[in-house]
Amino acid sequence: MTPVFALAVGLLTGVGVYLLLARRVFPAILGLALLAHAANLVVLAAGDRAERAPIVIDGVERGLLADPVPQALVLTAIVISMAVTLYLLATFAARARVFGADDIRAAWTSDAERDPQSVRAELAGGGRERE
Amino acid sequence: MSAAAALWATLLVVAPALAALAIFLGRLPPRTASVWGAGASAVSLAAAAALLWQRSIGVATVWVGSPTLRLDVSWRLDVSTLALALLVAAIGLLVLQYAGSYFHGDRRAGRTIALLAAFEAAMLGLILADNLLLLYVFWELTGLCSFFLISSDRSKGQAGLRAASHALLVTVAGGLSMLVGLLYLIAQTDTASLAALLGLELEPAVATLALALILPAVLTKSAQVPTHFWLPGAMAAPTPVSAYLHSATMVKAGVILLLFFYPVLGGSPLWTWGLLPLGAATCVWGSVRALAQSDIKLLMAWSTVSQLGLITLTIGLGTDIAIRAAILHVFAHAVFKAGLFLTVGGVDHAAHSRSLHDLGGLWRRAPQLAVAAAILAGSMAGIPPLAGFLSKELILKKAMMAELWVHGLAVGAIVLGSVGTVAYSSRFFFEVFTGQARSASARAAERPSVGLLLAPLALAGSTLLAGPAAPWVDRVFLEPVAFAMVGRPLEVKALSLWYGINAALLLSVLIVSTGYLVDKWLGLRFLKEQAPRWWHGSELFDSLMAASQSIGELVVRALAGGSPRAYLAIAAACGLLPGLVLLPGLSEIDWISAEPAGATIVATLAVLLAFLVAAVRPLPRVLILTAIGFAVAMLFRLANGPDLMLTQLLVEVLVTIFFALALWALPTGPREVAGERERPRRWGRVLLASAAGVGAASWVAALSRSTPDTAVATYVREVAPAIAKGDNLVNVVLTDVRSVDTLMETIVVVLGTLGVVALLKGRERDDRGGAAGGAETASPPPRGLLPGLARAILPIGALFALVLLLKGHNAPGGGFVAGLSLGVTAMLGFAAFGPSRLGRRSRASLSGVAILGAGLMLATGAIGWASGDPFLTQLHGEVALFGLSLPVHTTTIFDVGVMLAVAGGIGAAGLAFWTTAAGSAARGGRS
């Protein structure tokens, strides 16, 4: 089990970080989704060694059942990371509306790096002008 | 301790605070405000007097918040605290009465008077507080009130604000150190009661450490060198405020606290070593600086510095009889300094100037003020038979009785400081009130109103009477107060004006004559307003603040420079690279026995990830991401997590749909989302990513060598199913064992999806304004097979979800999975019938469903609560129905809530995305 998980986590993390470093919004969302997968697998790997699914069946020794606590944690984490991804996508779509497609094509520039004048101008009415 | 005493003590503290509130809320003008404030002070005064009269001594507990946290409101009533309360309330009464006349005509000054009353309440609370934490709260409240008071004169503008910030920052910094000291004392002695603490015998090391922590607070509050600079700055405040701040409150808080702690900390060697040199330096320096001032208010401010140095020095002598002398001087100084400041205010009002260069001959215009000033300044200079002479004589005597080195230092500082005091006292009186006026405004001085004369005269009267009545003062006031402070009876001679001719008396005569001659000899010629720049405490402090600010900016720039790449590098270095340390562990893993199924999945994952990096167009990337999600779901299956697998599969389906919608919602469609072809510094990226990957893998590998703590797992496996009446352990954990956690997480999901709705709603409104016709009419309803198919599939989807929900407690499924599958069903519905058929109202109702779900979960929690168990205790029972007994669990209701929250949230977000995408497609001419 563990070698499989270790490899999977390593691969997901590496590619996730690589995509995050792309300095573009869209690959960053993909990268974050990969990191969420990796995190879930780490939590699961921290659990007890598993022989069977954590469902009580008469006649099966309970000690053999997988540790249900990390599983429950990961289950909610999956749903939450979905909500986070949706939120990122919504900001992505909303941002594209305001700043236009140029913004998506251009490299990531945080607002700190931008010329504040242009940010203000864009927020004030740049989005409308493009429509 | 009787309940009545507790009530009286509370009234004592609260009355001025209530007056402050009334003034503030009623926006009362100064005259009325002054009546309220003085009235409240009178109530406090009466309460203190009544408590003293009844000899109410002990600890009065008003309210106990938490015995374990030692939070309570309790007052320490004894002769010393009540006498101090009497002083604070009496001077508060006079100052507040005076303020009414002083501020007459200034509409906004009501606020200042309210603050003064609040300040009085904080000071009274500080004096009476028994609980050390409560004491700290009042301590900081006095600092906070003084901040607003010092900055309350708006004509001073930035200068006033700067002075107020200095006072606040310096004293709060000291206060924080005291908080640590008090907590240390509480931890060491296991009591938070000051009264109980004073009865204990502390180990010398404990006492010294506690004192070292408390001293910064005391020394900053009482403006000792080198933190004294805030006090002269604080005279930016209106004069009545200065009068109160410099006499009975604020600066006195420090020395009063020292007096309180003397019985328990006074034995530490740090007591004398810490207090005496600083007090001596402050005493002399304050005196020297006061002599250099031409502004009489600044002169008084520096004089306060000097006098507080004198008191600190005396306390630093560290003997019971020195404490007695210090107590007397605390009271004497409070009376004459309050009076002198109020006199300065009267002079300012009459002659419209506070400069020695302008004033002179004022006794002709304001003879009463001149009399008061003569008495008060005489008391400050230590002229017999005034109160100041009594206390200074006592201090001199005690200092001369001390050990050798202490003796030299103390007596030297007292003599130097006192010579200066006599000199500036004589200068103040003679230059202001005698001789000829030096300016037209002083010549045309108005007569001060009665309201401005009352308080100085009253204070002068009491300082005059104290001398002849010395034996009475000793018996009624000083001896019992000193006894209460020190905690043991003192063997001393009774206080008297005349002890016969002795060294102290001769020294006094020498001091007074020298001081007078120094003033006459120096004259006004040597006035020098500013100390050398390098010596100016407030300038130094400002540069210190500026330096710390630039350090802070440097740190911010280094850690949060706005570059995402830097953030990631830091995060990767902190979180993942330490995993490299665990790298050697990788060799110990049994790689061979890895399951073939697992190896296949990981190989697939690797290929998919490679494709993900290589692909440039967004839609293929999304599909590859979906496939990766499926691979992860397979890994969950491998780890024996059927619930996880189900959840992951459904989530992947949903996320794929949402990605597609988001891309279609772009103004130019998905084609325009460029990849990252042109990349500078690509190798750096690869290096960082590989390091992160290897680091993370090492962490997980290290987990395999650890032995997990199985206590919780065993509990859930063995015990929980019986309690929660369920066989699916994951569901049991989610709905019962950790249901509070689940509640929170579901709320996070709801908030996230509602956030999506909110983000896209604004955009949609833009669209409707911008694009002719708008999105909803422009997109034609979908045609073809889909609507028919959907009609058949939708009910099946809903039914499937219901089955998953109900079976979930014993088999794979449950609220999350059911909610997700309902969400998928809903997305199919949107695809089949188009968002225009559903419209805005259904989005509102979908959000409503999500909130309803969360509400249902909360309601389930309340059921357990109502039956007396902790929040979210799930109940299990049976209900007889038609002769059958059906099991009923609140966990089912809880899970229904989860399902509704998740499904409603996804539905609302999906509809928002769909509407935006459809609008975008219509506007762009795409379909």
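## A walk through chain B

Start by selecting B:G808, which is buried, with 0% relative accessible area. Keep in mind as you go that this is a predicted model. B:G808 lies in the loop that joins α33 (785-807) to α34 (815-833) of chain B. Now show what surrounds this glycine: beyond the neighbours within four places in sequence, B:G808 is in contact with B:N728, B:N731, B:G813 and B:G814. Add B:D895 as well; 87 residues separate B:D895 from B:G808 in sequence, yet their C-alphas are 8.9 Å apart in space.

Next stop, B:T421. Pick out helix α17 (residues 404-433) of chain B and you'll find this threonine in it. Is B:T421 buried or exposed? With a relative accessible area of 2%, B:T421 counts as buried, because the cut-off for that is under 20%. Draw a distance from the side chain of B:T421 to the backbone oxygen of B:G417 and you should get 2.8 Å. Then light up the residues that B:T421 touches, leaving out those up to four places away in sequence: B:S287, B:S306, B:Q307, B:M380, B:A381 and B:K392.

Now for a helix on its own. Select α22 (residues 537-559) of chain B, 23 residues that reach 33 Å from first C-alpha to last, close to the 33 Å expected at 1.5 Å a residue. Colour B:G537, B:S538 and B:F541, which are buried in α22(B). What do the buried residues of α22(B) pack against? Bring up α6 (158-189) of chain B, and there's the partner.

Time for the rings. Over all chains, the whole structure holds 16 aromatic pairs. One of them is B:Y102 with B:F103, an edge-to-face pair at 5.3 Å centre to centre and 90° between the planes. Both partners are buried, B:Y102 at 13% relative accessibility and B:F103 at 7%. Hop over to B:F147 and B:F148, another edge-to-face pair, with 5.3 Å between centres and 75° between planes. Here B:F147 is buried at 17%, whereas B:F148 is partly exposed at 34%.

Go on to B:F428, B:F429, B:F430, B:F433 and B:Y516, and show their side chains together: they form one aromatic cluster.

Finish with two arginines. Zoom in on B:R76, whose charged end sits over the ring of B:F260, 4.5 Å from its centre. Then select B:R289 and look for its charged end over the ring of B:W302, 5.2 Å from the ring centre.

Technical notes
Residues are numbered from 1 along each chain as its sequence is written. Chains are lettered from A and ligands numbered from 1 in the order in which they are written. This is a predicted model: local features need pLDDT of at least 70, side-chain atom pairs count only at pLDDT 80 or more; totals for chains, interfaces and linings use all residues. Side-chain values use heavy atoms; hydrogens and water are left out. Helices (H or I, at least four residues) and strands (E, at least two) are DSSP runs, numbered from the N terminus. The expected span of a helix is 1.5 Å times one less than its number of residues. Buried means under 20% relative accessible area, exposed over 50%, partly exposed in between (1.4 Å probe, protein chains only). Contact means heavy atoms within 4.5 Å. A polar contact is a pair of N or O atoms within 3.5 Å; within protein, one must be able to donate a hydrogen and the other to accept it, and residues adjacent in sequence count only if both atoms are side-chain atoms. Rings of Phe, Tyr and Trp (its six-membered ring) pair if their centres lie within 6.5 Å; planes under 30 degrees apart count as stacked, over 60 as edge-to-face and the rest as tilted. A charge sits over a ring if NZ of Lys or CZ of Arg is within 6 Å of the ring centre and within 35 degrees of the ring normal.
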